[in-house]
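The following note sets out, point by point, comments on the structure under review. The points move from strand pairing to helix packing and then to the interior.

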Amino acid sequence: MTVYSTPWCGDCRRTKQFLRERSIQFREVYIDQDAEAEELVLRMNDGRRKVPTLEVDGRYFACSPFDPHQLAEELKVPLNP
C-alpha cells in the first residue's frame, strides 16, 4: 500500500494514524517532493490534487476529507482497532 500525501495535510495525518492503529504497513510518498507522484494523484483524481490518495493492489482512491468509515470499507478492516 502507498499513501500519497503532503507533510501539512491533516487528513493525511489522520489516515496514517488509522493505518498505524491497525498495524497496516504502508509506504508514504510526498507529492510536494515527487513530481511523478503528484502527476499520478492528479490523473487518479480527475485533475484534482487530493491527498491522501491511497494505492492498494493497483486500485486508487482518495480519502479526503478523512472518513474512517470509508477507509475501513475500502481496506476491508474493522472500523475500531
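1. Leu 54 has Phe 61 as its bridge partner in S4, and the next residue, Glu 55, is bridged to Tyr 60 of that strand. These pairs belong to a predicted model, in which S3 (residues 53–56) and S4 (residues 59–62) are joined in the antiparallel sense by four bridges. The two strands form a hairpin with two residues between them, and Asp 57 in the turn has a positive phi of about 50°.

2. Leu 54 is also the bridge partner of Val 3. Strand S1 (residues 2–5) runs antiparallel to S3, with three bridges joining the two. Strands of a sheet pair through backbone hydrogen bonds, in either a parallel or an antiparallel manner.

3. The sheet as a whole is open and has four strands in the order S2-S1-S3-S4, with mixed pairing. Its edges are strand S2 (27–30) and S4, each of which pairs on one side only. Neighbouring strands are turned by 20° against each other on average, direction ignored.

4. Helix H1 (residues 10–21) packs on this sheet with contacts to S1, S2 and S3, and its direction makes about 160° with that of S1. Helix H2 (residues 35–44) lies across S1, S2, S3 and S4 and runs at about 95° to S1.

5. Is S3 buried or exposed on its two faces? Both faces are covered: Thr 53 and Glu 55 are buried on one side, and Leu 54 and Val 56 are buried on the other. In a regular strand the side chains alternate between the two faces of the sheet.

6. The largest nonpolar core has eleven residues, including Val 3, Leu 54, Val 56 and Phe 61 from the strands discussed above, together with Phe 18, Leu 19 and Ala 72. H1, S3 and helix H3 (68–75) are the elements that give two or more residues to this core. H3 gives the most, with three residues. In soluble globular proteins, nonpolar side chains tend to be buried together. Leaving aside residues up to four places away in sequence, Ala 72 touches Phe 18, Val 77, Pro 78 and Leu 79. Apart from the largest core lies another, of nine residues, among them Cys 9, Cys 12, Val 41 and Val 51.

7. The geometry of H1 can be checked against an expected span. At 1.5 Å a residue, its twelve residues should span 16 Å, and the end C-alpha atoms are 17 Å apart, which agrees. The buried residues of H1 are Gly 10, Asp 11, Cys 12, Thr 15, Lys 16, Phe 18 and Leu 19, and these pack against S1, S2, S3 and H3. After the helix comes Ser 23, whose phi is positive, near 55°.

8. Why does Asp 11, a residue of helix H1, count as buried? Its relative accessible area is 16%, and Asp 11 therefore falls under the 20% cut-off for a buried residue. Not counting residues up to four places away in sequence, Asp 11 touches Val 51, Pro 52, Cys 63, Ser 64, Pro 65 and Phe 66. A polar atom of the Asp 11 side chain lies 3.2 Å from the backbone nitrogen of Phe 66.

Terms used: Residues numbered from 1 in each chain as written. Predicted model: local features only at pLDDT ≥ 70, side-chain atom pairs only at ≥ 80, totals over all residues. Heavy atoms only, no water. Buried < 20%, exposed > 50% of the residue type's maximum accessible area, 1.4 Å probe, protein only. Pairing = 2+ DSSP bridges. Axes fitted to C-alpha atoms, helices over the stretch in contact; angles between N-to-C directions. Contact = heavy atoms within 4.5 Å. Core = buried A, V, L, I, M, F, W, Y, C linked by side-chain atoms within 4.5 Å. Polar contact = N/O pair within 3.5 Å; in protein donor to acceptor, adjacent residues only side chain to side chain. Expected span 1.5 Å × (residues − 1).
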